[in-house]
Amino acid sequence: MVSLPIEERLRHYFLAMGAQPDLDRNSQQSAGDFRLGQDTLHVSILKPQDLAIRNRVIETVLSLSTQRTAQIVYLAAPRLLGATMDAGIFRAHGIGLILYDDRRIDETITAQPVQAVAPQSTVANTDSALVGEFTSLKAMYREMERHLAQLREDMRMMQNARSSEPQIEQQQRPHLAARETIFSSPPMTTSPVEPGALPSYFNNNPWLDVLSRRGSSEN
Amino acid sequence: MTVDTYRGNYTFAMDFGTSDFKFGPITCGENPRIVNNRGYFPDKKSVMYKAFESASDVIVGEDVPMYLQSAEDLSSRLVYPMRNGMIDKGDDQAWRVVSTLASFGLREFKPQPHNGFKGYYVVASLSSVSPRYMYERLMNIFRENNHGQVRAVTVIPQPFAVAIGHGVTTCVVIESGHGNSQVCPISKYPIRAAQVALNRGGGDANAITSEILKDSGYSDLANEEAVVRKVKENIGLVPTQLDYAMDEAKKSPRKYRAKYKVPGTRVEIDLDKDSWSRFLIGEYVFNPNHEIFESYFSRGMPRPKDVKMGDTIFKGMLDFGEAIVTSVERCPVELQPLLYREVLLSGGNFSWTVPPKLEDIAVDAPTKVRLLLRDQGIKNVSVKMTQSPQFSVWHGCIIYGFAVPDNYEWDWQRLEGWMKLSG
C-alpha cells in the first residue's frame, strides 16, 4: 500500500467519521478544519520532526487550549509522544488526542465539544434586544431557584413523615424501606440510588427472592 | 426477604470478561465503568520510562494507550489475562494484571472518609470453567490488597450471573467469548456437573475470516487482527442452511456481494465472486462439521481440538445444538423440558445481524441455535439473546451481592457465599 502524507490520512479518517471539510476555514488556515454536524472541528498536526524542536509540543497544546476557534479540537501526534504525555492535561481542556504511526491512526482521547470563542467584533454588537433577553432569563433563574428551595423543603418534610412510620413501610416494601435509612446520611462520591429508583434489572426479578433465601433453605 | 440495608449503597460488582473489565458499585445504576481487561508492563530500562515515568509496574485502565511503544513489544508487554477465560496457576504476569485491575476498580469508587463506610461487598465473576485455584487466587488478591475497602467478597460464574441479570431461574445459558464457549444449565444454582465447554469462540471465526481474505487476494491484511475482526463483523453472515446459502450466493453473486471499506483508510475489501464464502464465517462458529471446512484444515488452518484445561475438557468440533443437548441430558429428566424452555445466549460471539433483503438465507444467532436444536429433535424451544449482552453479567453480580444474606458464608464445596475480610 502507498503511504500517504499524514494530513491526507487524517482527512480520510475524519471523513470516515462523517465529517465534511470546512472549505471556508481551510482556505484561511490549515487543511485540518472540518464540520461535524453542527460543530466545527480543528486538528493540529505534530510531525516527527516537530518533536525535536524545543517547546513545539507545549506551544501547540497551549495554543489549542487558549485559542479555541472550533468546538472540537484534536492534536494529532506521532505515537512516540504518547509515552511522554499526561492524559489528564488533555481531558482537563477537552482536547482530543490522536496518535499515529506509519500504519495506524488511533483516537486515544476523545475531544469534548465546547462553545467556540466568538470573535471580538460580535461581542461589541450586543444590542438592546439581547440585554432584554438576559434580564428575562435572570428573572426566570430567580423564579427557578425559589421553586427548588420549595421542593427541597417539601422533600425534607416527606422524609420526616415517612421515617415516623417505618413499621408499615417495612412490611409493604421491605428492601426499599430499609434502603431509606441510608439516604439520611449520603456518604458516597457516587450519588446514592433514590428510593424506588432501583435499576430496571431489579424490576420483577425472581432472583431477589431466590437469593435472599440462600442459607435458610439448607437449614 | 431480609436485606442488609448497608448493601443498598455498598455492593460492588466486577466482571472479568475476555476483553473488557466492567466494574462499579450499585450506585452506578444501569451501566458500569468499562476498561479493557488488559495490563501493560512498561519497559523500565527504556530511556523514555526513566526520563518521564514513576508509574507502577503494571498500567491498566484508560491510560494504557499512552504508554504503548512499538508494535513488536505489544505481544510480550500487553497482557490480556482472561483471553481464554482461564489463567494458568503459574502465570504471575496475568495475575498481576488481575490484581491491579481489582485495586484500580475499587480506587475509582473510593467513598468519602467518615461516612460509616466499612468496606464494599464485592461480587466478582469468572468464566464458568474457571478451576478452583482461580477462585482461591482471586480471593487472596482481595485479602492481600484489602485496605479496609472490602468487607466481604464472593466469586460467581458468568453464566450464573447472566441468568440472574436476565431474571430467569431455570434456563440454559450459553456464554461465547473470544477463546471458548460454555453451556451451563441453571436451576436456582448453576448445575456445574452438567456444564459443557467448547474450544471455539470469536477467535475461530477470525481464523476462518483470515483464510477467506488470503484466498481472495488480501494476504497483506489477513494477519492484522483488528482488520480481520472488523471484516468478520461487517461481512460475516450466519446461513439458515449452508449448502443452500452457498448455491444461492454463487448463482447471484451481485445480490450477496461482500464489500467492506476500512474506516479512515483507503483499504477496501471486495470478495466479489467469492462472496459466497461470507456464509462460512457464521456457520463455522455454530457448526464446524461441514465438509467444506476440511479444505481449510488441510491447508493449515488449525482444527478446533479437544483440549483439557484445568479439570475441564473443551470440545473442539461439537456444534452448539449438540452441546446444549449433551449438557441438558446430564440433568434430571424432569428438569430437562424446563431447561429447554429458556435458552439464553450471551457474549459478543452471538452478535450476528441479517442485512435487509437477505432474511430468506441468513439468520441471527437465536434462530440458528433453534435450527441446530431442531436437527437434534428438540422443538418448542425458546432461544433469546440477553437483553443487555454487554452488562448482563455485571447486573447479575449486583443483584447477587444485594440479595444474598450476609450470614451466608463462603463454602468451598458449593463455591458460593460471602468470604468475610473485615468488619
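## A walk around the chain B sheet

Helix α7 (residues 158–166) of chain B is mostly covered, with nine of its nine residues buried. Keep in mind that this is a predicted model. The buried set in α7(B) includes Phe160(B), Val162(B) and Ile164(B), along with Gln158(B) and His166(B). Right after α7(B) comes Gly167(B), which has a positive phi, near 75°.

So what does α7(B) lie across? The answer is β6 and β7 of chain B, and α7(B) runs at about 95° to β7(B). Those strands belong to an open sheet of six, ordered β3-β2-β1-β6-β7-β20 in chain B, with mixed pairing. β3 (33–36) and β20 (419–420) of chain B each have a single partner strand, so one side of each is left without a neighbour in the sheet.

At the β20(B) end, β7 (residues 150–157) of chain B pairs with β20(B) in the antiparallel sense over two bridges, and Val153(B) has Met419(B) as its bridge partner there. Helix α16 (residues 392–403) of chain B also packs on the sheet, touching β1, β2, β6 and β7 of chain B.

Here are the two helix directions side by side:

| Helix | Strand | Angle |
|---|---|---|
| α7(B) | β7(B) | about 95° |
| α16(B) | β1(B) | about 145° |

Then there's helix α5 (residues 92–108) of chain B: its 17 residues reach 24 Å from first C-alpha to last, close to the 24 Å expected. Its buried residues include Val97(B), Leu101(B) and Leu106(B), and the cover over the buried residues includes β1 (11–16), β2 (20–25) and α6 (132–144) of chain B.

Over in chain A, β5 (residues 96–100) and β6 (residues 105–109) pair in the antiparallel sense over four bridges. They form a hairpin with four residues between them, and Tyr100(A) stands opposite Ile105(A).

Definitions and conventions: Residues numbered from 1 in each chain as written. Chains lettered and ligands numbered in written order. Predicted model: local features only at pLDDT ≥ 70, side-chain atom pairs only at ≥ 80, totals over all residues. Pairing = 2+ DSSP bridges. Buried ≥ 20, exposed ≤ 12 C-beta atoms within 10 Å, placed from the backbone. Expected span 1.5 Å × (residues − 1). Contact = placed C-beta atoms within 7 Å. Axes fitted to C-alpha atoms, helices over the stretch in contact; angles between N-to-C directions.
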